[in-house]
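Got the viewer open? Here is a small set of exercises to work through with a structure at hand, each with its solution.

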Amino acid sequence: MKMKIIIADLQVHSRHSRATSKNLSINNLEKWGKIKGLNLIGTGDFQHPLHRKEIDEELVEDDRGILWPKNSSREGDCVAFLWQTEISLMFSQEGKRRAVHLLVFAPNKEIADKITSYLGSKGRLDYDGRPIFGISCRDFTRDLKEIDDKIEIIPAHCMTPWFGLFGSKSGFDSLKECFQDQVDKIYSVESGISADPAMLWRFDEIAQGKVNIVSFSDAHSFWPWRIGREATIFEIPELSYDNIINAIRTGKGLKGTIETPPTYGKYHYDGHRNCGFSSSPKETKDINGICPVCKNPLVIGVDYRVEEIAKNPEGFKPKNAKHYYSLIPLHELISFAIGSPLNSKKTWAIYDSLINHFENEFKILMDVDEEELMKQKFDERLIELIFLNRKGKLNIKPGFDGEYGKIIMEDKQKTL
């Protein structure tokens, strides 16, 4: 049987979520998703009344639970969508304040409606595309699974300090501690920008194959340096909700992930953004976790948190480990190479030229060979960056406390 490769970004928001682009629409997601090289995108925020209206107006569902842009010929010429939203749960458990973001997927419109009704019974749905509820992860999972077992629940950006399942500020030390007797209904975790599979393999529940790893962008805009910056690669017989979810649950058909290098994420190292101070886990321990500038406790990042709860040594790789790519978006590379802002005319001109020659961004980042790039006479510095990026050899100053990491390019590091 011929298999299809599906590259999916299943964590996006609508313009009705806080801190998102006012132009974040289904049409723009479809347009820029195709340029990025995505085949499948989450609808985002399906329970929000205004966004749900847009979904119903712009998309039509097939008999496999996949949504397609209206008036399209479907497969081959456009990006498809999956019913998806993200929920923020804030609650108290074991005497501690907890805050966890969960991704929720629905197999069809009917079940999406039932989830929306359930959420509406717990609070308002119109104030934010990512609504907040005072429900525990355990109870939320039980309630949704009673609606339909095909509903999928995935902890989002599982390592981030403030809203990650394993986060340093309000998270848990294990899936079992968080979901309790419902833990067997959680089949995967989403790595997030500041973590990658190599870090998560160090956790027993993941190393033992109890859950799989997926990766999505948490896009707050449709621009190609946001959408698809993280994605999951599926290899399945046909595009259907059941095939996507079966791959997530069993690992069969889950080919791998596209990750942003963790050091590039906003919460990799410890620190204080307002103080301009960051530190590695070792340095943090040396100063007892106290900021030398303001004398307050540092925001503990992902790297430190991994060391706190990991059971396996650094470099450990389980037998069931999937391949992953570690890539910075093409716009970021162009911007750095030419010393121009992400959204400048100069950056866009080079980006557009590359896309016109090579079809989509993922093809450029992962597949096009150096000779083909050289033929088109693109900037040699940019070509070098593309291949350093592809081989995971870019040097990056780690991000911290909401500050993204930064590419460093010293002469002695400019070798493949």
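The exercises below go through the packing of this predicted model.

**Exercise 1. Find the residues that touch the most other members of the largest nonpolar core, and the helix that gives the most to this core.**

Solution. Start with the core itself, which has 94 residues. Those that touch the most other members are Leu 89, Phe 140, Met 159, Leu 165, Phe 203, Leu 354 and Leu 373. Next, sort by helix: α15, residues 380–390, gives the most, with six residues. Then look for what is left over: a second, separate core has 24 residues, including Ala 8, Ala 80, Phe 234 and Ile 248. As background, nonpolar side chains tend to be buried together in soluble globular proteins.

**Exercise 2. Pick out Phe 140 and list what it is in contact with, leaving aside neighbours within four places in sequence.**

Solution. Selecting around Phe 140 brings up Ile 87, Leu 89, Leu 102 and Val 104, along with Tyr 118, Leu 119 and Ile 135. Leu 89 is worth a second look, as it is also among the core residues that touch the most other members.

**Exercise 3. Work out how α11 packs on α12: parallel, antiparallel, perpendicular or oblique?**

Solution. Take the geometry to begin with: α11 (residues 330–338) and α12 (residues 345–358) have axes 9 Å apart and an angle of about 130 degrees. Roughly perpendicular stops at 115 degrees and roughly antiparallel needs over 145, so α11 and α12 are oblique to each other. Their crossing is right-handed. Now the side chains: from α11 come Leu 330, His 331, Ile 334, Ser 335 and Ile 338, and they meet Lys 346, Thr 347, Trp 348, Ile 350, Tyr 351 and Leu 354 of α12. By class, that contact has seven nonpolar residues, three polar and one charged.

**Exercise 4. Do the same job for α11 and α15: what are the angle and the distance between axes?**

Solution. The angle is about 140 degrees, and the axes are 9 Å apart. That makes α11 oblique to α15, and the crossing is right-handed. On the α11 side you'll find Leu 330, Leu 333, Ile 334, Phe 336 and Ala 337. Their partners in α15 are Arg 381, Leu 382, Leu 385, Ile 386 and Asn 389. Sort the residues of this contact and you get eight nonpolar, one polar and one charged.

**Exercise 5. Decide whether Ser 136 is buried or exposed, and say where it lies.**

Solution. Ser 136 is in the loop between β8 (132–133) and α4 (137–147). Its relative accessible area is 15%; the cut-off for buried is under 20%, so Ser 136 is buried. Beyond four places in sequence, Ser 136 touches Leu 89, Phe 91 and Gln 93. Ser 92 sits 44 residues away in sequence, yet the C-alpha to C-alpha distance to Ser 136 is 7.7 Å.

**Exercise 6. Now try Ala 231: which strand is it in, and which residues does it touch?**

Solution. The strand is β12, residues 231–236. Ala 231 is buried, with a relative accessible area of 0%. Not counting residues up to four places away, it touches Ile 7, Ala 8, Leu 38, Ser 215, Phe 216, Thr 257 and Ile 258. One of these, Ala 8, belongs to the second core.

**Exercise 7. Which residues of α10 are buried, and what do they pack against?**

Solution. In α10 (residues 302–309), the buried ones are Val 302, Tyr 304, Arg 305, Val 306 and Ile 309. They pack against α6 (197–200), β14 (270–272) and α9 (281–286).

Note on methods. Residues are numbered from 1 along each chain as its sequence is written. This is a predicted model: local features need pLDDT of at least 70, side-chain atom pairs count only at pLDDT 80 or more; totals for chains, interfaces and linings use all residues. Side-chain values use heavy atoms; hydrogens and water are left out. A nonpolar core is a set of buried Ala, Val, Leu, Ile, Met, Phe, Trp, Tyr and Cys residues joined through side-chain atoms within 4.5 Å. Buried means under 20% relative accessible area, exposed over 50%, partly exposed in between (1.4 Å probe, protein chains only). Helices (H or I, at least four residues) and strands (E, at least two) are DSSP runs, numbered from the N terminus. Contact means heavy atoms within 4.5 Å. Axes are lines fitted to C-alpha atoms, for helices over the stretch in contact, and angles run from 0 to 180 degrees between N-to-C directions. Angles under 35 degrees count as roughly parallel, over 145 as roughly antiparallel, 65 to 115 as roughly perpendicular and the rest as oblique. A crossing is left-handed if the near helix is turned anticlockwise from the far one by less than a right angle, and right-handed if clockwise. Ala, Val, Leu, Ile, Met, Phe, Trp, Tyr, Cys and Pro count as nonpolar, Asp, Glu, Lys and Arg as charged, and the others, Gly among them, as polar.
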